[in-house]
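Welcome, and thanks for taking a look at this protein with us. Please have the sequence and the 3D view open as you read.

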Amino acid sequence: EPERPLDAPAAVSVPPSPELLREVHSTDPAEAAMLRYQDTVKQRIEQFRRYPESARQQHREGTIEVVFTVNRDGAAGEIALLRSSASNLLDAEAIATVKRASPFLPIPPDISANRVTMRVAVVFSLR
């Protein structure tokens, strides 16, 4: 069988997200701290995301955008829907996910803001 040429890709690579690139190349320590903090909040939300069983059975999928604030102590407040998935069940679960994930880590001292406004996409996909 023929050998694979040395320059052939061994695997498909996924380019890093623009946020990650911005964090790596950011010369502003406050901006880098903010991006790291936002990343920890998003990771925590992902840990608390649950796919509603009835939505799964109905093969409902969707991406919901929520906006919320995180207070200095890490408590979430003012959660609102920015973009609906057209499924009330998934929309409600996205908001419930943020509530379950709260409180987040407190805002670190190298971020001067007393509140951070976050915009997050919560994705429900059966694939």
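Here is a short briefing, starting with the chain as a whole and moving on to its strands, one helix and a pocket. Please keep in mind that this is a predicted model. The chain has 4 helices and 3 strands, and their order along the sequence is α-α-α-β-β-α-β.

**The chain as a whole**

- Of the 127 residues in the chain, 29% count as buried.
- The chain exposes about 8,500 Å², and carbon and sulfur atoms supply 54% of that area.
- Among the contacts with a separation of 6 or more, 72% are between residues 24 or more positions apart.

**How the strands pair**

- Strand β1 covers residues 62–71 and strand β2 covers residues 76–83; the two pair in the antiparallel sense over 5 bridges.
- To find a spot in this pairing, look for V66, whose bridge partner in β2 is L81.
- The hairpin of β1 and β2 has 4 residues between the strands, and G74 in this hairpin takes a positive phi near 100°.
- Strand β1 is also joined to β3, by 10 bridges, and these two strands run antiparallel.
- A good place to see the β1 and β3 pairing is T63, which stands opposite V123 in β3.

**The two faces of β3**

- Which side chains of β3 are buried, and which are not? The side chains alternate along the strand: V116, M118, V120, V122 and F124 point to one face and are buried.
- R115, T117, R119, A121 and V123 point to the other face and are not buried.

**Three residues of helix α2**

- V41 is found in helix α2 and is buried, with a relative accessible area of 1%.
- Leaving out residues up to four places away in sequence, V41 touches F68, F104 and M118.
- V41 and F104 are 63 residues apart along the chain, yet their C-alpha atoms are separated by 6.3 Å.
- Q38 also lies in helix α2. Is Q38 buried or exposed? Q38 counts as buried because its relative accessible area is 19%, and the cut-off for buried is under 20%.
- With residues up to four places away in sequence left out, Q38 touches V116, T117 and M118.
- K42 is another residue of helix α2. K42 counts as partly exposed because its relative accessibility is 25%, which falls between the 20% and 50% limits.
- From C-alpha to C-alpha, K42 and A121 are 9.1 Å apart in space, while 79 residues separate them in sequence.

**The largest pocket**

- Rolling a probe the size of a water molecule over the atoms shows where empty space is left.
- How much space lies in the largest pocket? About 160 Å³.
- The lining of the largest pocket is made up of K42, I45, E46, R49, T97, V120, A121, V122 and V123.
- Two elements, α2 (29–48) and β3 (115–124), give two or more residues to this lining.
- Strand β3 gives the most to the lining, with 4 residues.
- By type, the lining residues divide into 5 nonpolar, 1 polar and 3 charged.

**Where to look again**

- In the 3D view, try K42 and A121 together: both belong to the lining of the largest pocket.
- M118 is another useful landmark, since it is touched by V41 and by Q38, and its side chain points to the buried face of β3.

Definitions and conventions:
Residues numbered from 1 in each chain as written. Predicted model: local features only at pLDDT ≥ 70, side-chain atom pairs only at ≥ 80, totals over all residues. Heavy atoms only, no water. Pairing = 2+ DSSP bridges. 1 Å grid on protein atoms, 1.4 Å probe; cavity = no way out; pocket = protein on both sides within 12 Å on 5 of 7 lines; lining within 4 Å. Points joined across faces, edges and corners; volume = space filled by probe spheres on them. Nonpolar A, V, L, I, M, F, W, Y, C, P; charged D, E, K, R; others polar. Buried < 20%, exposed > 50% of the residue type's maximum accessible area, 1.4 Å probe, protein only. Contact = heavy atoms within 4.5 Å. Areas by Shrake-Rupley, 256 points an atom, 1.4 Å probe, with all protein chains shown as cover.
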